[in-house]
Amino acid sequence: MDMNDKLLSLVASIYDASLDESQWNEVLDRVVAYAGGQAGGLVSCRRTGEIEIAHAVGVEAPFVQSYIEGYESIDPSRNIRYSEIGRVYSAADWTPIDEFRSSRFYREWAHPQGLEDGANVLLTKSATMISYVSVMAAGGLVDSAMRVALSQLAPHLRRAIAINQELLHQGSIAASSVQALEALKTALLLLDPQGHVLHANASGRDFLDQNDVLRSVHGRLVAVDPRVNRTLQQTLAASALGGGATAGESSAIVIPAANGTRYVGHALPLTAGRRRLIGNAFEASVALFVSHASLDAIPGTELIQRIFKLTPTELRVLLAVVDIGGVPDVARSLDVAETTVKTHLSKIFAKTDTKRQIDLVRLVAAFSPPVKT
């Protein structure tokens with residue numbers, strides 16, 4: 001599995017965990033591995049000072065407890081609560097590394113575990129609580145590769161935490177789910193094993209009403225494009241049987257509209273863990289999220305350009321391919337020759353380690369969270 005596939009698989013798992021809290025430890029373990037760390041934790045801190053480590057990997061229980069009971073108060077990473085949401089910080093961002101290594105926190109807590117540094121990202125901040133993810137490095141300081149990896153994952157972790165809080169931490173699963181799902185801007189369809197639409201949120205109903213990408217035929221979801229429909233039905237059937245659920249992964253499918261616009265569907269089985277509560281509430285076996293396959297924020301475009309070292313022109317071509325489609329249409333849109341587009345595409349393929357335009361769509365989709373709140 002190449003790095004792009006690993007990223008897409010991990011992103012899918014992150015959103016899976018947003019509906020199945022029992023999968024967070026496995027997902028956190030994969031986040032740590034993807035970033036090149038040794039240990040990690042999902043931490044929340046109330047304004048009153050109460051610390052909770054919801055999930056931790058690579059740290060033994062006595063160290064987790066000692067951190068909560070005393071070492072957190074002298075950990076430089078506690079400065080994350082005053083930092084910018086979504087940005088990656090390391091110990092060196094708050095204190096000179098020599099001072100950090102001479103500190104009691106490093107000598108008594110980090111170093112005995114072989115931990116040298118930590119990369120931290122603030123995920124949520126409210127009047128009463130903050131939450132953040134920490135990935136700890138061994139054998140050296142946090143490097144640019146770890147920063148890039150966490151920068152890729154931070155938007156998805158933030159969205160997943162928000163969804164998890166909305167769907168799973170309210171009194172009634174059925175009532176709270178309806179309210180939370182209606183509030184999502186992403187089109188969401190809850191389906192039975194045969195693909196019948198049992199529930200659609202407001203965005204999902206609007207999406208079906210457009211009738212140019214997906215439609216309901218006698219209550220059953222089908223794609224307008226026959227070729228895409230075959231893939232869609234296979235994906236839904238596998239998801240209904242729990243395909244990918246044991247691995248913590250949802251299935252992704254690219255769905256083009258008649259006008260060339262690309263959408264990405266994420267089929268999430270509702271047949272395992274806490275997700276079954278939501279599935280049972282609607283008698284559904286699959287949740288299908290459908291979102292536009294494009295970057296929805298300027299920071300995202302800057303991130304993808306920096307990670308893959310794209311020139312401004314290459315970035316324009318990449319985004320045009322995602323939004324518009326084939327080389328002739330992209331050339332007309334950018335007012336350049338088709339040969340020029342092909343030249344830029346060959347360079348983009350080389351830099352992103354992809355071979356086809358559809359791979360570029362999947363790659364960009366990974367940087368754009370499929371669920372928008």
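Is Glu 314 buried or exposed, and at what relative accessibility? In this predicted model, Glu 314 comes out at 4% relative accessibility, and that makes it a buried residue, because anything under 20% counts as buried. Even so, Glu 314 has a charged partner: its side chain meets that of Lys 351 in a salt bridge, with 2.8 Å from N to O. Lys 351 sits in helix H14 (residues 338–352) while Glu 314 belongs to helix H12 (residues 312–323), so this pair ties together parts of the chain that are 37 residues apart in sequence. Unlike its buried partner, Lys 351 is partly exposed, at 34% relative accessibility.

That pair is one of 8 salt bridges in the structure. The idea behind such pairs is simple enough: side chains of opposite charge can pair up when their charged atoms come close.

Other salt bridges stay inside a single helix. Take Glu 108 and Arg 104, whose side chains meet at 3.1 Å, again counted from N to O. Both are part of helix H5 (residues 104–110), and because they are 4 residues apart there, about one helical turn separates them. As for their surroundings, Glu 108 is partly exposed, with a relative accessible area of 34%, and Arg 104 is partly exposed too, with 45%.

Helix H13 (residues 327–334) offers another case, with Asp 329 and Arg 332 placed 3 residues apart, about one turn of the helix. Their side chains form a salt bridge with an N to O distance of 2.1 Å. Here the two partners fall into separate classes: Asp 329 is partly exposed, at a relative accessible area of 35%, whereas Arg 332 reaches 59% and is exposed, because the cut-off for exposed is over 50%.

Now for a helix with a buried side. In helix H8 (residues 202–210), the buried residues are Ser 203, Gly 204, Phe 207 and Leu 208. Looking down the axis of H8, these buried residues fall within an arc of 135 degrees, so they line one face of the helix. What lies over them? The cover for the buried residues of H8 includes a set of strands. Among them are E6 (187–191) and E7 (197–200), which come before the helix in the numbering, and E8 (214–217), E9 (220–223), E11 (262–269) and E12 (286–292), which come after. Right after H8 comes Asn 211, and its phi is positive, near 60 degrees.

How values were computed
Residues numbered from 1 in each chain as written. Predicted model: local features only at pLDDT ≥ 70, side-chain atom pairs only at ≥ 80, totals over all residues. Heavy atoms only, no water. Salt bridge = Lys/Arg side-chain N within 4 Å of Asp/Glu carboxyl O. Helix = DSSP H or I, 4+ residues; strand = E, 2+ residues; numbered from the N terminus. Buried < 20%, exposed > 50% of the residue type's maximum accessible area, 1.4 Å probe, protein only. Arc of directions from axis to C-beta. Contact = heavy atoms within 4.5 Å.
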